[in-house]
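Trainee: I should like to work through this protein with you, from its overall build to individual residues. May we take it one question at a time?

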Amino acid sequence: MSNILQTIFIDYYEHILYELHPRQTEVENISKMIHCGDPSYGGAFFVCPDCGEMKFTPFRCKSRFCPTCGNMYNLRRSFSMSCKLISCVHRYCVFTIPEELRIYFLKDRSLLSCLFHSVRDVVLRMFSKMNKTENFTPGLIYVLHTFGKDLKWNPHIHAFIAEGCAGNFTVWKPVKHFDYTFLRNAFRKVLLERLTNKIGKSFRKAKNEMYTKHADGFYVRAKSNLCTPDITIKYISHYLGRPTIATSRIDKYDGEFVTFHYTRHEDNKTITECIPALDFIKRLIVHIPEKHFKMLRYYGIYAKHHRQERKLHKCISTEKKRYLRTLLNWRHSILLSFGYDPLKCPKCGTSMLVLEVYHKKQKTS
């Protein structure tokens, strides 16, 4: 049974191809999503060893664009990140850019790496300038989002920054004060310089306007409450793999129009929009990243081995890590994500066994 998002894309698939002229990566992800759970694309037969009951489970698409498979992706990647975390408080910050700059990143998606590199450089600089001899290095996890709650194009970086750093000689130095004036101004300067180098002379006018309109630098928002390791993992899980829109936010689809809702940041007010289905699709697919583009990146002591790394206390011990990894197989992932055991016999409750696996035959030229 297809979900509401699959229904919308199936109904408008031809319109998408011939009216929206999607990128290749968009076509691939849309195709995967609309065929997710389709038995004709293959699956596995399971049999109960006690009562003989049989069950067929179709393959899933494993696309992050798919709301169902996005949950599974989220679960595995959040576990991977939590294994890297140092047991300390993390600061959660959001680095945003002015609306006038967003179009440049839409026209040339390779510029999105400039966002990552700019945020990385200014945060590492803020820590290293504390003591040049020590060259203090924090742990940084960055997640790129290209959408706001209204689904419109709005690239920004969610940053999880350790409130502490390792130096060349000091194992760990707690850091409670973040210089946000420096971050705002340095982020503006570094990003505009990178964009000028990438785009060329045609960007210089826009660059000058940014300094005039945003004299106090670009906006850097910080979460006021402290992110202890467990809260950090919760935020990571929430912001990493979630699809552009959850199916629970789609209120109605009548074949022509899609009604959805979101909570506005500014005043926490719930906003409802009703737009043509093709416009809704257009808002969604623009956020599908290019193939192999990394939306999540590690920097500082989370990126590579640091001389002090072995002396730092991690959130998850090696023994606990081994145990938790066993819970990430297909069966346990389904149980954790959706609350049911896919291999439990519906008749007698015994664990079912694989009988046969079917794959869709590929066309040969």
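The discussion below concerns a predicted model.

Trainee: How many helices and strands are there in the protein?
Mentor: The C-alpha atoms fill a box of roughly 70 × 55 × 50 Å along the principal axes. Within the protein, the secondary structure amounts to 12 helices and 13 strands.

Trainee: What percentage of the residues in the protein is buried?
Mentor: The protein exposes about 19,700 Å², of which carbon and sulfur atoms supply 52%. Burial is judged by a relative accessible area under 20%. Of the 365 residues, the buried share is 45%.

Trainee: Which element gives the most residues to the largest nonpolar core?
Mentor: In soluble globular proteins, nonpolar side chains tend to be buried together. Here the largest nonpolar core has 42 residues, and those with the most contacts inside it are Phe95, Phe105, Leu115, Val123, Tyr142 and Leu191. Two or more residues come from each of strand E3 (90–96), helix H6 (112–128), E4, E5, H7 and H8. With nine residues, the element that gives the most to this core is H6.

Trainee: Which residues does Phe95 touch, leaving aside those up to four places away in sequence?
Mentor: Phe95 is one of the residues with the most contacts inside the largest nonpolar core. With residues up to four places away in sequence not counted, Phe95 touches Val119, Val122, Val123, His156, Ile157, Ala159, Phe187, Tyr219 and Val220.

Trainee: How many residues does the second, separate core have?
Mentor: Among the members of this second core are Ile245, Ile271, Ile275 and Ile285. Ile285 also belongs to the buried residues of H10. The second core, separate from the largest one, has a total of 29 residues.

Trainee: Within what arc do the buried residues of helix H8 fall?
Mentor: In H8 (residues 204–213), the buried residues are Ala206, Lys207 and Met210. Their cover includes helix H5 (102–107) and helix H7 (180–199), whereas Lys205 and Thr212 are exposed on the other side of H8. The buried residues line one face of the helix, because, seen down its axis, they fall within an arc of 105°.

Trainee: Why is helix H10 described as largely enclosed, and what do its buried residues pack against?
Mentor: H10 (residues 277–285) is largely enclosed by the rest of the structure because seven of its nine residues are buried. These are Ala277, Leu278, Phe280, Ile281, Arg283, Leu284 and Ile285. They pack against helix H1 (4–11), helix H2 (13–20), helix H3 (24–34), strand E9 (250–253), E10 and E11.

Trainee: Is Leu151, with its positive phi, buried or exposed?
Mentor: Most residues other than glycine have a negative phi. Leu151, in the loop between strand E4 (139–147) and strand E5 (153–162), has a phi near 75°. Its relative accessible area is 0%, so Leu151 is buried.

Trainee: Is Asn268 buried or exposed?
Mentor: Asn268 is not a glycine, yet its phi is positive, at about 60°. Its place is in the loop between strand E10 (257–263) and strand E11 (270–276). With a relative accessible area of 63%, over the 50% cut-off, Asn268 is exposed.

Trainee: Which residues make the nonpolar surface patch of about 240 Å²?
Mentor: One member, Val354, lies in strand E13 (residues 353–359). Val354 is exposed, with a relative accessible area of 55%. The patch is made by Phe59, Val354 and Val357.

Key:
Residues are numbered from 1 along each chain as its sequence is written. This is a predicted model: local features need pLDDT of at least 70, side-chain atom pairs count only at pLDDT 80 or more; totals for chains, interfaces and linings use all residues. Side-chain values use heavy atoms; hydrogens and water are left out. Helices (H or I, at least four residues) and strands (E, at least two) are DSSP runs, numbered from the N terminus. Buried means under 20% relative accessible area, exposed over 50%, partly exposed in between (1.4 Å probe, protein chains only). The arc is that of the directions from the helix axis to the C-beta atoms. Contact means heavy atoms within 4.5 Å. A nonpolar core is a set of buried Ala, Val, Leu, Ile, Met, Phe, Trp, Tyr and Cys residues joined through side-chain atoms within 4.5 Å. Patches are made of residues with over 30% relative accessible area and no salt bridge: like charges are joined within 9 Å, nonpolar side chains (Val, Leu, Ile, Met, Phe, Trp, Tyr) within 5 Å. Accessible areas come from the Shrake-Rupley method with a 1.4 Å probe; for residues, only the protein chains shown count as cover. A salt bridge is a side-chain nitrogen of Lys or Arg within 4 Å of a carboxyl oxygen of Asp or Glu.
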